[in-house]
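Visitor: I am new to reading protein structures, and I would like a close look at a single part rather than a quick tour. Please start with the salt bridges, and then show me what surrounds that part.

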Amino acid sequence: SPPEKEGRFSVSDLVWGKVRSHPWWPGQIFDPADASDDAVKYYKKDSFLVAYFGDQTFAWNDSSVLKPFRSCFAEMLKQSNSDAFRNAVSCALEEVSRRVAFGLSCSCTSSRDGHSKIRTQVVKNSGIREDSSRRSSGSDKSSRASHFEPAELVRYLRGLAPRSSYGADQLDLAIARAQLSAYSLFKGDRP
């Protein structure tokens with residue numbers, strides 16, 4: 001489990017954010033320097049620029065309305081069944097997968113197509129400047145090889161194997177898939 005602490009956030013963190021009457025929504029914290037002209041108009045001091053997944057909205061959020069993405073995932077997932085919410089969660093899980101796969105990839109694979117695909121995050125959000133929308137951003141601390149436990153992955157897959165993946169935790173499944181993808185890339189297979 002990643003070393004997340006409630007209320008301590010930094011640029012590039014994945015979070016759940018609350019805006020007015022909307023449910024908690026998955027997003028990512030960006031540097032205020034990445035703010036589009038539109039976002040700059042709404043700047044709020046001592047707030048984080050959060051680009052939300054799925055609907056491509058943004059907000060300047062105080063830390064009191066942010067929660068860590070991974071540790072709050074199961075709780076937040078229960079709050080809505082709307083297509084828009086499910087799409088946003090799916091987009092956030094794609095970013096988790098990209099970070100995990102990149103964190104486990106080796107620079108020796110950098111010339112291969114798969115590595116370049118996972119090295120760059122493409123952001124489509126009205127709050128982020130266009131020249132900041134392609135980011136050569138890597139993994140977060142919890143996605144790096146030093147945090148990878150191969151035995152844990154094997155245990156997880158063994159537990160999953162007798163049943164289908166239906167009902168499996170979506171976050172755990174996304175992480176396991178990314179870990180297997182990184183292994184395939186390392187072995188020279190296409191992810």
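Guide: Gladly! A search of the whole structure turns up 3 salt bridges. Please keep in mind that what you see is a predicted model.

Let us go to Glu95 first. The side chain of Glu95 meets that of Arg98 in a salt bridge, at 2.8 Å from N to O. Glu95 also forms a salt bridge with Arg99, and here the closest N and O atoms are 2.7 Å apart. Now look at where these residues sit along the chain. Glu95 and Arg98 are 3 residues apart in helix H3, about one turn of the helix. Glu95 and Arg99, which also both lie in H3, are 4 residues apart, again about one turn. Salt bridges with shared partners thus link Glu95, Arg98 and Arg99 into one network.

Are these charged residues buried or exposed? The cut-off to remember is that a residue is called buried when its relative accessible area is under 20%. Glu95 has a relative accessibility of 5%, so Glu95 counts as buried. Arg98, with a relative accessible area of 8%, is buried because that value is under the cut-off. Arg99 is buried, as Glu95 is.

Another salt bridge joins the side chains of Glu75 and Lys67, with 3.6 Å between N and O. What do the accessibility values say about Glu75 and Lys67? Lys67 has a relative accessible area of 19%, so it is buried. Glu75, at 45% relative accessibility, counts as partly exposed. The reason is that residues between 20% and 50% are called partly exposed.

Now step back to helix H3, the home of the Glu95 network. What else does this helix do in the model? To see that, turn to the nonpolar core. The largest one has 30 residues, and Trp16, Phe69, Phe73, Val89, Val96 and Leu171 are the members that touch the most others. Two or more residues of this core come from each of strands E1 (14-17), E2 (25-30) and E3 (48-52), and from each of helices H2 (73-77), H3 (83-104) and H6 (170-187). H3 is the biggest contributor to this core, with 9 residues.

Leu171 is a good place to pause. If we leave aside its neighbours within four places in sequence, Leu171 is in contact with Phe69, Arg70, Phe73, Leu93 and Val96. There is also a second, separate core of 9 residues, with Ala39, Leu49, Phe58 and Val123 among them.

Next, follow the strands. An open sheet is formed by 5 strands in the order E4-E3-E2-E1-E5, and their pairing is antiparallel. Strand E4 (58-61) and strand E5 (66-68) are at the edges with a single partner strand each, so one side of each has no neighbour in the sheet. Averaged over the sheet and with direction ignored, neighbouring strands are turned by 45° against each other. Helix H3 comes back into view here: H3 packs on the sheet and touches E1 and E2, and its direction makes about 45° with that of E2.

Strand E1 deserves a closer look, with partners on both sides in the sheet order. On one side, 4 bridges join E1 to E2, and these strands run antiparallel. On the other, E1 and E5 are joined by 3 bridges, also antiparallel. Val15 shows both pairings: its bridge partner in E2 is Gly27, while in E5 it stands opposite Pro68. Gly17 stands opposite Leu66 in E5.

Here is a general point to help you read a strand. In a regular strand, side chains alternate between the two faces of the sheet. In E1, Leu14 and Trp16 are on one side and Val15 and Gly17 on the other, and all of them are buried, with both faces covered. Trp16 is also one of the best-connected members of the core we met earlier, among those that touch the most others.

Finally, place this part in the whole chain. The chain has 6 helices and 7 strands, and from the N terminus on they run β-β-α-β-β-β-α-α-α-β-β-α-α. Of its 191 residues, 42% count as buried. Among contacts between residues at least 6 apart in sequence, 60% join residues at least 24 apart.

Key. Residues numbered from 1 in each chain as written. Predicted model: local features only at pLDDT ≥ 70, side-chain atom pairs only at ≥ 80, totals over all residues. Heavy atoms only, no water. Core = buried A, V, L, I, M, F, W, Y, C linked by side-chain atoms within 4.5 Å. Buried < 20%, exposed > 50% of the residue type's maximum accessible area, 1.4 Å probe, protein only. Contact = heavy atoms within 4.5 Å. Pairing = 2+ DSSP bridges. Axes fitted to C-alpha atoms, helices over the stretch in contact; angles between N-to-C directions. Salt bridge = Lys/Arg side-chain N within 4 Å of Asp/Glu carboxyl O.
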